[in-house]
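Q: Please take a close look at the interior of this predicted model. I would like one connected account that I can follow with the structure open in front of me.

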Amino acid sequence: MKSEIRKLVLWDSYATTKSSLFNQVAALLSEQQIVQSSKQVIDLWEQREQMGSTMIDHLLATPHAQADSIKQNTMALVHTRKPISYWDGNEDAQNFIFCCIRQDISKTDADSVTTILRLAISEKAQSAFRHDDKSQIVTILNF
């Protein structure tokens with residue numbers, strides 16, 4: 001069975017704070033009719049961030065939300081022009097994979113999310129992230 005994860009890319013975002021990045025990504029998801037409410041998805045991301053860091057290494061953070069109000073399972077690859085300082089209170093972040101997942105996600109789609117996140121921490125992807133190599137990152141992560 002083929003995964004039905006929708007994938008979006010937002011490269012060279014001008015966001016300079018976590019809040020401005022959340023707002024920008026939520027607006028994109030709303031425009032694409034993936035979420036019913038920008039505010040709701042931002043609230044979900046903020047609640048998740050309060051539970052602990054979403055940094056999966058020093059180059060990548062993975063904000064995520066899961067709710068029935070999400071219309072389509074979606075992953076958004078985001079790169080900011082400059083790192084966002086103190087993303088998790090300690091480390092800066094410049095690369096993000098936002099995951100917006102429905103409560104009723106299929107096993108196929110859940111496995112697809114896991115595969116993409118594993119690819120994101122591979123040596124090849126880490127090298128591409130260090131060099132801001134958009135085309136290589138998009139290829140490695142199958143975006």
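A: To sort lining residues by class, Ala, Val, Leu, Ile, Met, Phe, Trp, Tyr, Cys and Pro are counted as nonpolar, Asp, Glu, Lys and Arg as charged, and the others, Gly among them, as polar. On that basis the lining of the largest cavity in this predicted model has four nonpolar, four polar and no charged residues. A search of the whole structure finds one cavity of 30 Å³ or more, and the space in the largest cavity comes to about 30 Å³. Its lining is made up of Val35, Gln36, Ser37, Gln40, Val41, Leu44, Ser69 and Ile70.

Leu44 leads on from there to the largest pocket, since this residue belongs to the cavity lining and is also listed in the lining of the pocket. The largest pocket holds about 190 Å³ of space, and the residues that line it, besides Leu44, are Gln47, Arg48, Met51, Thr62, His64, Ala65, Gln66, Cys99, Ile101, Val113 and Leu117. Two or more of these lining residues come from each of α2 (38–51), β4 (64–66), β6 (93–101) and α3 (107–120), and α2 contributes the most, with four residues. Sorted by class, the pocket lining has seven nonpolar, four polar and one charged residues.

From these spaces one can turn to the packed parts of the interior. In soluble globular proteins, nonpolar side chains tend to be buried together. Here the largest nonpolar core has 27 residues, of which Leu21, Trp45, Trp87, Phe96 and Phe98 touch the most other members. At least two residues of this core are supplied by each of β1 (6–13), α1 (18–31), α2, β5 (74–84) and β6, with the largest share, five residues, coming from α1. Phe96 is a useful residue to display: leaving aside residues up to four places away in sequence, Phe96 touches Leu21, Leu60, Ala61, Pro63, Ala76, Leu77, Val78, Thr80, Ile84 and Trp87. There is also a second, separate core of 19 residues, which includes Trp11, Leu60, Ala120 and Ala125; Leu60, a member of that second core, is thus also among the residues that Phe96 touches.

Ser13 brings a polar side chain into this picture. Ser13 is in strand β1 and has a relative accessible area of 2%, so it falls in the buried class, for which the cut-off is under 20%. The side chain of Ser13 reaches the backbone nitrogen of Ala15 at 3.0 Å. Beyond residues up to four places away in sequence, Ser13 touches Leu21, Gln24, Val78, His79, Thr80 and Arg81, and Leu21, Val78 and Thr80 are among the residues that Phe96 touches as well.

Two loop residues can be set beside these buried ones. Most residues other than glycine have a negative phi. Tyr86, in the loop between β5 and β6, has a phi near 50 degrees, a positive value in a residue other than glycine. With a relative accessibility of 57%, Tyr86 counts as exposed, because that class begins over 50%. Asp132, in the loop between α4 (123–130) and α5 (134–140), likewise has a positive phi of about 50 degrees although it is not a glycine. Asp132, however, has a relative accessible area of 38% and is therefore partly exposed.

Key. Residues numbered from 1 in each chain as written. Predicted model: local features only at pLDDT ≥ 70, side-chain atom pairs only at ≥ 80, totals over all residues. Heavy atoms only, no water. 1 Å grid on protein atoms, 1.4 Å probe; cavity = no way out; pocket = protein on both sides within 12 Å on 5 of 7 lines; lining within 4 Å. Points joined across faces, edges and corners; volume = space filled by probe spheres on them. Core = buried A, V, L, I, M, F, W, Y, C linked by side-chain atoms within 4.5 Å. Buried < 20%, exposed > 50% of the residue type's maximum accessible area, 1.4 Å probe, protein only. Contact = heavy atoms within 4.5 Å. Polar contact = N/O pair within 3.5 Å; in protein donor to acceptor, adjacent residues only side chain to side chain.
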